[in-house]
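Welcome to a short tour of a two-chain model. Please open the structure alongside this text and follow the residues as they come up.

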Amino acid sequence: MSFLARLYDAHAPALHAFALELTRSEADGADLLQEIFCRVAERPALLRGVRDERAFLLRMLYTRFVDTTRRRAVRQRFAETESAPIFAEPADPDAAEFRASLASALGELPEDQRAVVHLKLWTGLTFEQIAATLDIPANTAASRYRYGIDKLRALLRPLYEEIQ
Amino acid sequence: MTPFERQLAATPRREPPADLRDRVLAAARQARREKVRALFAWMWPHPLAWTAVAAGWALIVAINLAGPRGDALYAVIPAEYRDRMPSAREYLARLETERRLLARLEAESRETARYFRSKDL
């Protein structure tokens with residue numbers, strides 16, 4: 001198995017989920033993922049000496065996303081794109097409703113809070129790792145997470161209490 | 001983590017589509033090939049010049065490898081000169097003598113300058 005295939009199998013699910021979370025678009029998320037792998041293929045030395053490959057690739061992806069969205073036209077395009085499903089499709093209708101509401105609530109978070117909440121809950125990074133990935137202080141990462149969770153709790157409270 | 005956060009974390013994310021793997025890996029391999037091609041394209045306008053430079057370096061390396069190394073270098077010095085060559089200890093002794101002479105000269109020249117300044121000459 002080639003270096004790139006190994007890298008893809010090990011980290012693509014986490015990178016794809018993060019790309020989808022950021023772009024909310026199937027096509028743009030896939031493009032973002034592809035750009036990261038192309039960059040690594042062109043310069044494999046980028047990963048030499050890197051201890052945490054996943055955190056490094058997540059950081060690359062986030063930086064690329066920020067660079068791309070700095071161009072206003074693209075930001076507009078992201079905003080107008082119909083939101084792609086970010087959670088797995090469940091068989092249970094209650095779970096499906098909760099996941100749809102969660103996806104929608106996540107979409108209402110500011111982009112910086114959403115990135116922190118995603119990396120903490122679904123990638124399992126520590127605040128220090130999140131801080132390094134997003135290039136922010138660890139305290140800022142922690143406070144953004146707290147604000148994000150509080151907002152999600154407020155948005156999902158009725159549904160969450162019903163499920164409990 | 002609170003129960004609420006645990007429930008959120010337990011909500012599974014969607015896996016990447018199966019065909020995305022082939023697409024991404026193919027694009028990455030293509031990007032790598034294009035980078036190599038770009039290097040050749042940069043060199044291509046003067047392939048003869050690059051070949052000549054490479055051949056020149058190969059020749060230098062070959063001559064260097066074929067020549068004497070280490071102690072064998074002394075063998076290429078003619079015997080008459082080799083016998084006249086001082087030993088390392090002799091070299092050091094001569095250097096030390098010259099260093100002392102230089103220090104004495106410098107001290108004397110400072111002394112002379114001071115003398116002339118004092119006489120206002």
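A good place to begin is A:Arg24, which counts as buried because its relative accessible area is 10%, under the 20% cut-off. Keep in mind throughout that this is a predicted model. A:Arg24 sits in the loop that links helix 1 to helix 2 of chain A. Its backbone deserves a look too: phi is positive, at about 60°, although A:Arg24 is not a glycine. Most residues other than glycine have a negative phi.

A second residue with this feature is A:Asp135, a non-glycine residue whose phi is near 60° and positive. A:Asp135 belongs to the loop between helix 7 (127-134) and helix 8 (138-163) of chain A. Is A:Asp135 buried or exposed? With a relative accessible area of 59%, A:Asp135 is exposed, whereas A:Arg24 is buried.

**Around the loop residue**

Two residues that pair with A:Arg24 lead further into chain A. A:Leu106, in helix 5 (residues 93-108) of chain A, has A:Arg24 among its contacts. A:Arg114, which is part of helix 6 of chain A, also touches A:Arg24.

A:Leu106 is buried, as its relative accessibility is 0%. Beyond its neighbours within four places in sequence, A:Leu106 contacts A:Glu21, A:Arg24, A:Ile86, A:Phe87, A:Arg114, A:Val117, A:Trp122, A:Leu152 and, from the other chain, B:Arg13. One of these partners is far along the chain: A:Leu152 is 46 residues away from A:Leu106, yet their C-alpha atoms are separated by 7.0 Å.

A:Arg114 is buried as well, at 9% relative accessibility. Setting aside residues up to four places away, its contacts include A:Glu21, A:Leu22, A:Leu106, A:Gly107 and A:Leu109.

Helix 6 (residues 111-121) of chain A also holds A:His118. A:His118 counts as buried because its relative accessibility is 1%. Which side chain does the side chain of A:His118 meet in a polar contact? The partner is A:Glu21, at 3.3 Å. Apart from its neighbours within four places in sequence, A:His118 is in contact with A:Ala14, A:Ala17, A:Phe18, A:Glu21, A:Thr123 and B:Arg13. A:Glu21 and B:Arg13 thus appear in the contacts of A:His118, and they appear in those of A:Leu106.

Here are the accessibilities of the residues met so far:

| Residue | Relative accessibility | Class |
|---|---|---|
| A:Arg24 | 10% | buried |
| A:Leu106 | 0% | buried |
| A:Arg114 | 9% | buried |
| A:His118 | 1% | buried |
| A:Asp135 | 59% | exposed |

**Where the two chains cross**

Now to helix 2 of chain A. At its start, a side-chain oxygen of A:Ser25 comes to within 3.4 Å of the backbone nitrogen of A:Ala27. The 17 residues of helix 2 of chain A should span 24 Å at 1.5 Å a residue, and the end C-alpha atoms are 24 Å apart, so the two agree. Its buried residues are A:Asp28, A:Gly29, A:Ala30, A:Leu32, A:Leu33, A:Gln34, A:Ile36, A:Phe37, A:Cys38, A:Val40 and A:Ala41.

Helix 2 of chain B has 26 residues and reaches 40 Å between its first and last C-alpha atoms, close to the 38 Å expected. Its buried residues are B:Leu20, B:Val24, B:Leu25, B:Ala27, B:Ala28 and B:Ala31. Helix 1 (3-23) and helix 2 of chain A are included in what covers them.

How do these two helices meet? The axes of helix 2 (residues 26-42) of chain A and helix 2 (residues 18-43) of chain B come within 8 Å and cross at roughly 40°, and the crossing is right-handed. From chain A, the residues in contact are A:Ala30, A:Asp31, A:Leu33, A:Gln34, A:Phe37, A:Cys38, A:Ala41 and A:Glu42; they meet B:Leu20, B:Arg23, B:Val24, B:Ala27, B:Ala28, B:Ala31, B:Arg32 and B:Lys35. By class, that contact has ten nonpolar, one polar and five charged residues.

**The chains as a whole**

Stepping back, chain A has eight helices and zero strands, while chain B has six helices and zero strands. Of the 164 residues in chain A, 46% are buried; for the 121 residues of chain B, the share is 12%. Finally, among chain A contacts between residues at least 6 apart in sequence, 63% join residues at least 24 apart.

Technical notes:
Residues are numbered from 1 along each chain as its sequence is written. Chains are lettered from A and ligands numbered from 1 in the order in which they are written. This is a predicted model: local features need pLDDT of at least 70, side-chain atom pairs count only at pLDDT 80 or more; totals for chains, interfaces and linings use all residues. Side-chain values use heavy atoms; hydrogens and water are left out. Axes are lines fitted to C-alpha atoms, for helices over the stretch in contact, and angles run from 0 to 180 degrees between N-to-C directions. Helices (H or I, at least four residues) and strands (E, at least two) are DSSP runs, numbered from the N terminus. A crossing is left-handed if the near helix is turned anticlockwise from the far one by less than a right angle, and right-handed if clockwise. Contact means heavy atoms within 4.5 Å. Ala, Val, Leu, Ile, Met, Phe, Trp, Tyr, Cys and Pro count as nonpolar, Asp, Glu, Lys and Arg as charged, and the others, Gly among them, as polar. Buried means under 20% relative accessible area, exposed over 50%, partly exposed in between (1.4 Å probe, protein chains only). A polar contact is a pair of N or O atoms within 3.5 Å; within protein, one must be able to donate a hydrogen and the other to accept it, and residues adjacent in sequence count only if both atoms are side-chain atoms. The expected span of a helix is 1.5 Å times one less than its number of residues.
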